[in-house]
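Here is a set of short exercises to work through with the model open in your viewer. Try each task before you read its solution.

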Amino acid sequence: MAPPASRRDLFTGAADDYHRHRSGLPPEVVSLLAPLLGTPGARRLLDLGTGTGLVVDALLPHLDEAIGVDPEPEMVAVARREVADPRVRWVVAAAEDFRPDDGWAAELVTVCRAFHWMDPDAVLARLAEHASSTATVAVMGDASVWTSTQPWKQEVRALIQSFLGERRRAGSGVGPADGRRHEDVLAASPFGRVEQVTVPVVHERSIDSVAGYLRSTSFAAPRLFGDRLPAFDAALRTLLAEHAVDGVVRDENVFGVLLARR
């Protein structure tokens, strides 16, 4: 699957909300990934689709060098601001196009909540050329409001559809159409030995936090609503208030990690 031509506008204007309202890595996932970074002194991380650097930030105490790559300049600017560390290099580039300097080989490559926006076959073929021969590729993420089966999230999805139409929006286009499962893509790649780990997670979110999370998504970005944004925001807050207890909504999710090796 080729990435959508409009990928660079998927998260335009969303970087600050993304950093404030997207969840980072669960502690269990940090504990799972940290030993995969390699030998102290040469623990190298390549984070593709880094966004605002949430993965790099979570693994910072365990690494020696990292490169965070994202095609959205606003995201990378926030990452540089929020995760300012001399061990980390931030690069504005598509994952399909990025190649590290000669001699730099990551022991752990992470892709969090971004694999579906990439051309996975091209990304994995390129990683086979420049990642360490013993590298692990970790493709991970949790269910978004759009895909969740939790009742209040399904109601939020229906509300979004009532304003923007049935098809999932994705910036100026529509959502990715590749129907292949991530685990099948990995299994058919040079990183064909795949292990799956799932971690249940629960977050207690304020109504403002849920609204901020939606602002950070490609399918409910404020610009998509035009002059109907105030009406959507009011309807959203009314819906969430019906599910909140003392102003807090219970967000139940599962964080999945696919570990792929050669």
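The exercises below deal with a predicted model, and each one comes with a worked solution.

**Exercise 1. The buried side of α4**

Task: Find which residues of helix α4 are buried, and work out how they are arranged around the helix.

Solution: Start with the list. Helix α4 covers residues 73-82, and Met75, Val76, Val78 and Ala79 are its buried residues. Now look down the axis of α4: the buried residues fall within an arc of 160 degrees, so they line one face of the helix. This fits a general rule: an α-helix has 3.6 residues a turn, so residues three or four places apart point the same way. Next, ask what sits over these residues. The cover includes α1 (15-21), β2 (65-70) and β3 (88-92). Finally, check the N-terminal end of α4, which is capped by Glu72: one of its side-chain oxygens is 3.1 Å from the backbone nitrogen of Glu74.

**Exercise 2. A histidine and its neighbours**

Task: Which residues does His19 touch, leaving out those up to four places away in sequence?

Solution: First place the residue: His19 is part of helix α1. Its contacts beyond that sequence window are Thr52, Leu54, Val78 and Glu82. Then look for polar atoms. The side chains of His19 and Thr52 are joined by a polar contact of 2.9 Å. Val78 is worth a second look, as it is one of the buried residues of α4.

**Exercise 3. From β4 to β5 by way of α5**

Task: Trace the chain from β4 to β5 and give the handedness of the crossover.

Solution: Take the strands to begin with. β4 and β5 run parallel and are joined by five bridges. For a landmark, use Thr110, which stands opposite Ala138 in β5. The chain gets from β4 to β5 through α5, and this β-α-β crossover is right-handed.

Now turn to the helix in the middle. In α5 (residues 120-130), Pro120, Val123, Leu124, Leu127 and His130 are buried. Down the axis of α5, these buried residues fall within an arc of 135 degrees, so they line one face. They pack against β1 (44-48), β4 (108-112), β5 (136-142) and α7 (182-187).

Last, go over to the other partner of β5. Seven bridges link β5 with β9, and here the strands run antiparallel. Val139 has Leu258 as its bridge partner in β9. As for burial, six of the seven residues of β5 are buried, so the strand is largely enclosed by the rest of the structure.

**Exercise 4. Checking the length of α6**

Task: Compare the expected span of helix α6 with the distance between its end C-alpha atoms.

Solution: Helix α6 (residues 151-164) has 14 residues, and at 1.5 Å a residue it should span 20 Å. The end C-alpha atoms are 20 Å apart, so the two values agree. Next, go through burial: Trp152, Lys153, Val156, Leu159, Ile160, Gln161, Phe163 and Leu164 are the buried residues of α6. Among the elements that cover them are β6 (169-170), α8 (207-215), α9 (229-243) and β9 (248-261). Just past the helix comes Gly165, with a positive phi of about 100 degrees.

**Exercise 5. Two positive phi values outside glycine**

Task: Arg113 and Asp246 have positive phi angles; decide for each whether it is buried or exposed.

Solution: Begin with Arg113, whose phi is near 55 degrees. Arg113 belongs to the loop between β4 and α5. Its relative accessibility is 17%, and the cut-off for buried is under 20%, so Arg113 counts as buried. Then take Asp246, with a phi of about 55 degrees. This residue is in the loop between α9 and β9. With a relative accessible area of 79%, Asp246 is exposed.

**Exercise 6. Contacts of an arginine in β9**

Task: Work out how accessible Arg250 is and which residues it touches.

Solution: Arg250 lies in strand β9 and is partly exposed, at 40% relative accessible area. Setting aside residues up to four places away in sequence, Arg250 touches Gln150, Trp152, Val202, His203 and Glu204. With Glu204 there is a polar contact between side chains, at 3.4 Å. Val202 is 48 residues from Arg250 along the chain, yet their C-alpha atoms are separated by 7.1 Å.

Definitions and conventions:
Residues are numbered from 1 along each chain as its sequence is written. This is a predicted model: local features need pLDDT of at least 70, side-chain atom pairs count only at pLDDT 80 or more; totals for chains, interfaces and linings use all residues. Side-chain values use heavy atoms; hydrogens and water are left out. Buried means under 20% relative accessible area, exposed over 50%, partly exposed in between (1.4 Å probe, protein chains only). Helices (H or I, at least four residues) and strands (E, at least two) are DSSP runs, numbered from the N terminus. The arc is that of the directions from the helix axis to the C-beta atoms. Contact means heavy atoms within 4.5 Å. A polar contact is a pair of N or O atoms within 3.5 Å; within protein, one must be able to donate a hydrogen and the other to accept it, and residues adjacent in sequence count only if both atoms are side-chain atoms. The expected span of a helix is 1.5 Å times one less than its number of residues. Two strands pair if DSSP finds at least two bridges between them. A crossover is right-handed if, with the strands pointing away from the viewer, the path from the first strand over the helix to the second runs clockwise.
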